[in-house]
Amino acid sequence: PSFCYRLFWRRSPETALIGSMENKSYAFAAGLFALLLGVAALLALYWLNGGKDESHDYIVVTKQNIGGLNPQAQVRYRGIRVGKVSDIRLDPDDYSNILVTISINGDVPLTRGTVAKLNYQGVTGLAHILLLETGKDLAPLKSDDEQPPRITMIPSLLEELGETGMA
């Protein structure tokens, strides 16, 4: 019993010093691990947000029904995803107009001949805005964040068919 007591319960000063050094190294390793984990989490958040790309706001103006279009819907330029819908509201100057604010990546070459079209995707029918070039006016469409430029929305194929069927 006395041997076990000396071995496990009583420590010499040298053994006590080694024991506390081990505890400090474990604490240091745990703190370093927590710090590295925090840095990795911050980097993952930055990566998932995609950084902050330069974007410009434009306003799509339409008089037609935009059923199914929601904020955060995709905006595509000739089929490529280039932005998202930021806001949908009525025009305070003319209530027959619907104003759809879209945020577009800064490197997309929009011109004054650019038009918008409401398009639907797949079987689910998710609505998105498709930007197309008409080729009529190739002057660049300059974005001013105080008063965003306006883009006209042309009728979609379904609306054109519906209107010809009514006539």
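Me: Is Leu 32 buried, partly exposed or exposed?
Reply: In this predicted model, Leu 32 has a relative accessible area of 39%. Buried would require under 20% and exposed over 50%, so a value of 39% places Leu 32 in the class between them, namely partly exposed.

Me: In which helix does Leu 32 lie, and what accessible area does the nonpolar patch that it helps to form have together?
Reply: Leu 32 belongs to helix α2, which covers residues 13-49. On the surface, Leu 32 joins Phe 28, Leu 35, Leu 36, Val 39 and Leu 43 in a nonpolar patch. Together, these residues have an accessible area of about 630 Å².

Me: Which pattern of helices and strands does the protein chain follow along the sequence?
Reply: The protein chain contains three helices and seven strands. Two helices precede the run of strands and one helix follows it, which gives the pattern α-α-β-β-β-β-β-β-β-α.

Me: What share of the contacts with a separation of 6 or more comes from residues 24 or more positions apart?
Reply: The protein chain has 167 residues, of which 27% are buried, and its accessible surface comes to about 12100 Å², with carbon and sulfur atoms holding 61% of that area. Among contacts with a separation of 6 or more, the share that joins residues 24 or more positions apart is 62%.

Me: Which strand gives the largest share of the largest nonpolar core?
Reply: The largest nonpolar core has 23 residues, and those with the most contacts inside it are Leu 69, Val 100, Ile 102, Ile 129 and Leu 131. At least two residues of this core come from each of β1, β2, β3, β4, β5, β6 and β7. The largest share, four residues, is supplied by β4.

Me: Which residues of the core with the most contacts inside it are in contact with Ile 102?
Reply: Leaving aside neighbours within four places in sequence, Ile 102 is in contact with residues that include His 56, Tyr 58, Val 60, Val 75 and Val 85. Leu 69, Val 100, Ile 129 and Leu 131 are listed beside Ile 102 as having the most contacts inside the core, and the contacts of Ile 102 beyond those neighbours include two of these names, Ile 129 and Leu 131.

Me: With which side chain does the side chain of Thr 101 make a polar contact?
Reply: Thr 101 has its place in strand β4, residues 98-105, and counts as buried because its relative accessible area is 10%. Beyond its neighbours within four places, its contacts include Asp 57, Ile 59, Lys 84 and Arg 89; Lys 84 is 17 residues away in sequence, with a C-alpha to C-alpha distance of 8.8 Å. The polar contact, at 3.1 Å, joins the side chain of Thr 101 to that of Arg 89.

Me: At what distance does the side chain of Ser 103 make a polar contact with the side chain of Asp 57?
Reply: Ser 103 also lies in strand β4, and it counts as buried because its relative accessibility is 14%. Not counting residues up to four places away, Ser 103 touches residues including Ser 55, His 56, Asp 57 and Val 82. Its side chain makes the polar contact with the side chain of Asp 57 at 2.8 Å.

Me: How far apart in space are Leu 141 and Gly 113, C-alpha to C-alpha?
Reply: Leu 141 is found in the loop between β6 and β7, and it is buried because its relative accessible area is 16%. Outside its neighbours within four places, Leu 141 is in contact with Tyr 58, Leu 110, Thr 111, Arg 112, Pro 149 and Ile 151. Gly 113 is 28 residues from Leu 141 in sequence, and their C-alpha to C-alpha distance is 8.5 Å.

Note on methods. Residues numbered from 1 in each chain as written. Predicted model: local features only at pLDDT ≥ 70, side-chain atom pairs only at ≥ 80, totals over all residues. Heavy atoms only, no water. Buried < 20%, exposed > 50% of the residue type's maximum accessible area, 1.4 Å probe, protein only. Contact = heavy atoms within 4.5 Å. Areas by Shrake-Rupley, 256 points an atom, 1.4 Å probe, with all protein chains shown as cover. Patch = residues over 30% accessible without salt bridge, like charges linked within 9 Å, V, L, I, M, F, W, Y side chains within 5 Å. Salt bridge = Lys/Arg side-chain N within 4 Å of Asp/Glu carboxyl O. Polar contact = N/O pair within 3.5 Å; in protein donor to acceptor, adjacent residues only side chain to side chain. Core = buried A, V, L, I, M, F, W, Y, C linked by side-chain atoms within 4.5 Å.
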